[in-house]
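Q: Please take a close look at the salt bridges of this structure, as I am new to it. I would like a careful, connected account of which residues pair, where they lie and how far they are covered.

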Amino acid sequence: MSYEQNYLAAQQSPEKYWAEQVDNIDWFKKPDTILSKTEHGTYSWYADGELNSCYLALDRHVEAGRGDQIALYYDSPASGSKEQISYSDLQCRVARFAGALKARGVEKGDRVVIYMPMIPEAAVAMLACARLGAIHSVVFGGFAPNEMAIRIDDATPKVIITASCGIEFEKQIAYKPLVDKAIELSAHKPSATIVCQRPMLQADLNSARDLDWHQCQEGVEPADCVAVRGDDPLYILYTSGTTGQPKGIVRDNGGHAIALNYALHNVYGMKQGDVWWGASDIGWVVGHSFIVYGPLMGGCSAVFFEGKPIRNPDAGTFWRVIEEYAVNSMFCAPTAYRAIRKEDPEGALSQKYNLESLRWVFVAGEKLDSSTYYWLSDLLKVPVIDHWWQTETGWPMTSPMMGWDSPSESRLGSTNKPIPGYDIRVLDGDGHEVDANEAGNICVKLPMPPGVAWDIWNNSQRFVDSYLTAFPGYYHTGDGGYKDDDGYIYITGRTDDVINVSGHRLSTGEMEEVVSAHAAVAECAVIGVNDQLKGQLPVGLIVLKAGAEIDEQQLEKELVAMVREQVGALACFRRAIVVERLPKTRSGKILRAILRKIAAAEEYKMPSTIDDESILPEITDLMKQSGLV
Ligand code: AMP
């Protein structure tokens, strides 16, 4: 079937299209129900099937005689270590660690928080939870204790798993004190912290709660895979919303396994035994779907990389990894290539390596600018493919289907056509579909395909309010953009207060909460401004309290430190500008959308609800003086 035939089949009869995928994975019990509605008005795929995601990723391959194949190529220029782990070896490690978790009382449905760097034990920890039917929640290593504490209180984990340190550039970051601080700040107290000691830095295991990774596995029985339902949660992954409280996106087991299998083969064109590299971090959705679960479920050998594209020793690191493991396809955010290009503008370092194994390169997470696209495709001489997805969807919504004989052609500037199952429409503010080439809200007609999240942990109503209410009958992605005459999708950016820094999604609302807590700040708005290297960077516009006497530079320094301390270094909050006042509606709401437009030097319409128009030129001048525009 062609792309068009597949797309139409999935659009006209979603249930039939996705029922045909059931036999492509191994179930303990096949589902009788393909698509059902939940009590809070959302959907569920394969709810009554029984399976285990760890079985699909590991045991299935070992049972089929592929145990000797490499599952993970761990490559860590950051620590100077490498390891090749076969499917049987990984299965043994996971079963043993799952046994240790079980011995600590972790059972099906219990939550486990994982705060770990990119070491193989992180994948072991995730898969061990999946093996027991426990729900993991990985917190990205760049988040500060305060952010971790919020997640601990929401997910109420029985156990936290961490390592003694992460490595950021040449610096070792001690993780254990951060975890201790988070537990001190949270109301919920987990019963155990399991710590994987890395050779370069040992953590003190000084509380009754602390356990050593290896010691806790001594004498325990390896654990078997526990059957879970298709609609049982596999993991919670927190992502930034528009408020300070992150959203705990809940992923199921059944739809997720079907979707990853479908995407790996059809979208990414990977086959069993191929070498795949997802160059991201397990703290993000890409890490869940296409560093750990997807490639392993599909029987690929996956590169598990700990390092920076421009370090140890230089900006040729990516090319070295491609040659060393004969990588067939890789995926990362454009920001990584922008960083490499900055260091090595001519791409001379790539000449040192044999990159012939590479078939194509995928990028996502942020806008792919045309200059990076041309630079990369000229250098690698393989297709560079932009595709689009979100934490919530768990797998791409638009992309050419590289596993098919006739994928849709990719088109520069576009994230390409919708994948079968995603009926993407562009709607105006009143919910009417706009014409081709007209910008609007990018929405997906319900039901969405398997794999997409349908719930927020502890708050199903928030899911409905955030995604399903603004445009009834549609999922609201929060992205703006348009479709061209041929149905290619163009993403222009978020329509809400979420920004994208180096492909990391961050809430400006969250930063505003931190900034507002400063004694001299009366009110503030944090907005994203364009940055050549990182895509966007946050900037605070600050109104001082009357009578506050503080030097502007000192204030900036203090605010930068506060955001770093409470949100984390990944926020890259480095600028705070004092303004006289902020533009507001007559009802007192800060007009953030206008501020964003001013910062991007874009045209804006004067909103009819503005309280005082004269503020806008005032702010524009200030931004110009500060070199932001
Ligand atoms: P996250 O949930 O962290 O993966 O971030 C998802 C958001 O990143 C989307 O809603 C988009 O705003 C942005 N995004 C993802 N992929 C692309 C892409 N290929 N082009 C432009 N923006 C993208």
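**A close look at the salt bridges**

A: E170 counts as exposed because its relative accessibility is 52%, and exposed here requires a value over 50%. Everything said about this residue and the others is read from a predicted model. The side chain of E170 meets that of R311 in a salt bridge, with 3.3 Å from N to O. E170 sits in the loop between β9 (165-168) and β10 (171-174), while R311 belongs to the loop between β17 (301-305) and α10 (317-325), so the bridge ties together parts that are 141 residues apart in sequence. R311 has a relative accessible area of 28%, which means that this residue counts as partly exposed.

This pair has company, for a search of the whole structure finds 35 salt bridges. As a general matter, side chains of opposite charge can pair when their charged atoms come close.

Another of these pairs joins R131 and D59, whose closest N and O atoms are 2.8 Å apart. Here too the pair links distant parts of the chain, since R131 is in helix α5 (residues 120-132) and D59 is in helix α3 (residues 53-63), 72 residues apart. Both R131 and D59 are buried, whereas E170, at 52% relative accessibility, is exposed.

A further pair is made by K30 and D23, where the closest N and O atoms lie 2.6 Å apart. K30 has 48% relative accessibility and therefore counts as partly exposed, while D23, at 54%, counts as exposed.

Salt bridges can also join into a network, and D75, K82, R320 and E324 are linked in this way.

One more bridge leads to the division of the chain into domains. The protein chain is divided into domain 1, which covers 3-307 + 387-440, and domain 2, which covers 501-625. The centres of the two domains, taken over C-alpha atoms, are separated by 34 Å. In the contact between them, domain 1 takes part with 17 residues and domain 2 with 14 residues. How much area do domain 1 and domain 2 bury between them? The figure is about 1200 Å², and 45% of it is on carbon and sulfur atoms.

Between domain 1 and domain 2 the count is 1 salt bridge. E392 and R505 form a salt bridge in which the closest N and O atoms are 2.9 Å apart. Across the same interface of domain 1 and domain 2, 7 residue pairs are in polar contact. On the side of domain 1 that touches domain 2, the largest share, 3 residues, comes from helix α6 (residues 145-155). Sorted by class, that side of domain 1 has 5 nonpolar, 10 polar and 2 charged residues.

Beside these charged pairs, one residue may serve as a last stop for the reader. T415 is placed in the loop between β20 (384-386) and β21 (424-427). At 6% relative accessibility this residue counts as buried, because buried means under 20% relative accessible area. Leaving aside residues up to four places away in sequence, T415 touches D386, H387, W388, T398, S399, I489 and I491.

Note on methods. Residues are numbered from 1 along each chain as its sequence is written. This is a predicted model: local features need pLDDT of at least 70, side-chain atom pairs count only at pLDDT 80 or more; totals for chains, interfaces and linings use all residues. Side-chain values use heavy atoms; hydrogens and water are left out. Domain bounds come from an automatic or database domain assignment. Contact means heavy atoms within 4.5 Å. Buried area is the accessible area (1.4 Å probe) that two parts lose on being put together, summed over both. A salt bridge is a side-chain nitrogen of Lys or Arg within 4 Å of a carboxyl oxygen of Asp or Glu. A polar contact is a pair of N or O atoms within 3.5 Å; within protein, one must be able to donate a hydrogen and the other to accept it, and residues adjacent in sequence count only if both atoms are side-chain atoms. Helices (H or I, at least four residues) and strands (E, at least two) are DSSP runs, numbered from the N terminus. Ala, Val, Leu, Ile, Met, Phe, Trp, Tyr, Cys and Pro count as nonpolar, Asp, Glu, Lys and Arg as charged, and the others, Gly among them, as polar. Buried means under 20% relative accessible area, exposed over 50%, partly exposed in between (1.4 Å probe, protein chains only).
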